[in-house]
Amino acid sequence: MPADRVLSGVTREENLDGVPDSSLWQKIARFFGAKGADSVEQAIIEASEEGELLKEEGSMLLSVLHLDDMQVQDIMTPRTDVICAPIESTIGEIIELIISSGHSRIPIFKKNRDNIVGLIYAKDILRAAMDADLRAESPEPLMQTPFFVPETKNVLDLLHDFKSTKKHLAIILDEYGGTAGIVTIEDVLEQIVGDIEDEHDAPREEDIVCLDDGSLRLSGRAYLEDLAEQTGITIESDDVDTIGGYLCHVAGRVPQAGETFEAADMVFTVLEADATQVRHIKAVPLAVENTVKVQAAEGTEGSVVSGAASGPASGGAGAA
Ligand code: ADP
């Protein structure tokens, strides 16, 4: 079912009326008239369970309802991952950036990336690419005005803004006016239909990978919420959303490869980090980790986990 139809189907009464003989739509219309979103959600769940809706359709409809609970900061591409260019760049340099990054819109900043002053679209720069003389010129005349939104903006409202402004990329601002990240219409649609990979996307690395030996390989970006949902490992924090952020928060700095932390009966070992973020982490159940240590101390063979036993946990993190 196209996302458009999902969106308009649940929000416009005339469409509900227009769908003949569908008890689902009757249910939803009835619930919409009488009750709040919880009841609509219940109707969708019931319809899925009763087979009136395909599982995929039900989950898309539920996702549409949940757009209203999400803020743009929950779905943005964070500032550190945004491919942007200083205003001093030449047209030729921007073209190279578009080619190397695969992104068709490049934010342009003055002085630093907290000060985005424009956007260059691949389509607009194509003509300049044909003219060798223009490649050394400034991209400024080709720049489009950026569309700024605060990071707390509701995702459903952003979708309406994308429609009304016809701009499909928003620069997300933090509360101090700095750049928090970007969101495109694709990021919003992915919340409804799941990951969308276009022809040029490299396969995306999974944030949480369960390995055969019972350990986990995590990206620093893995959300604590997803970790709890997918693995039952519950780490709660009011301060951070991701496991990488959590380890930084506990350490009070960016921990480096080899450093270990205990939390939620697991030992988390940083596998890869740079100056600004933890990139990859291995997580091993504490019991397994302790067994490995005892075996090592007793000189027995049979390392259960490779590469994770790195001495006593240095972080000593309990669930925050
Ligand atoms: P594109 O095809 O130009 O990458 P999309 O709207 O299809 O644009 O976005 C695909 C993903 O790439 C989204 O997650 C979006 O946030 C991200 N993205 C788009 N432009 C950039 C950019 N300049 N730098 C980093 N990420 C970007």
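**Close-up views of a predicted model**

**Figure 1. The largest nonpolar core of the predicted model.** This core comprises 26 residues, and the members with the most contacts inside it are I106, I108, A170, I172, I182 and V183. Two helices and four strands each supply at least two residues: α6 (91-101), β3 (105-109), β4 (116-121), α8 (155-165), β6 (169-173) and β7 (179-184). Of the elements concerned, β6 gives the most to the core, namely five residues. The view may be read from A170, which touches F147, V149, L158, I182 and V183 when residues up to four places away in sequence are left out.

**Figure 2. A second core, and the strand β11.** Separate from the core of the previous figure is another of 24 residues. Among its members are Y246, V250, V270 and V278. Strand β11 spans residues 266-273 and is mostly covered, with six of its eight residues buried. For the chain as a whole, buried residues account for 27% of the 320 residues.

**Figure 3. Strand β11 and its partners β10 and β12.** Strands of a sheet are held in pairs by backbone hydrogen bonds, and the pairing may be parallel or antiparallel. Strand β10 (residues 260-263) pairs with β11 in the antiparallel sense, over four bridges. In this pair, F261 stands opposite F268 of β11. The two strands form a hairpin with two residues between them, and A264, in the turn, has a positive phi of about 50°. Strand β12 (residues 278-285) also pairs with β11 in the antiparallel sense, here over seven bridges. A273 lies opposite V278 in β12, and the hairpin that joins β11 to β12 passes through four residues.

**Figure 4. An open sheet of three strands.** The strands follow the order β2-β3-β4, and their pairing is mixed. Because β2 (85-86) and β4 stand at the edges, each with a single partner strand, one side of each has no neighbour in the sheet. Strands β3 and β4 are paired in the antiparallel sense over five bridges. Within this part of the view, R105 is found opposite Y121 in β4.

**Figure 5. The residues around the ligand.** The ligand is surrounded by 13 residues, of which the closest are T77, I83, S104, T184 and E186. Two or more residues of this shell come from each of β3, β7 and α9 (185-193). Sorted by character, the shell holds four nonpolar, four polar and five charged residues. Strands β3 and β7 thus appear in two views, since each also supplies at least two residues to the largest nonpolar core.

**Figure 6. The whole chain and the confidence of the prediction.** The chain contains twelve helices and twelve strands. Of the contacts between residues at least 6 apart in sequence, 48% join residues at least 24 apart. The mean pLDDT of the chain is 81, and 79% of its residues reach 70 or more. Where does pLDDT stay under 50? One such stretch is residues 1-21, for which the model has 20 contacts beyond four places in sequence. Another is residues 301-320, for which the model has 53 contacts of that kind.

Methods
Residues numbered from 1 in each chain as written. Predicted model: local features only at pLDDT ≥ 70, side-chain atom pairs only at ≥ 80, totals over all residues. Core = buried A, V, L, I, M, F, W, Y, C linked by C-beta atoms within 7 Å. Buried ≥ 20, exposed ≤ 12 C-beta atoms within 10 Å, placed from the backbone. Contact = placed C-beta atoms within 7 Å. Near = placed C-beta within 6 Å. Nonpolar A, V, L, I, M, F, W, Y, C, P; charged D, E, K, R; others polar. pLDDT = per-residue confidence, 0-100. Pairing = 2+ DSSP bridges.
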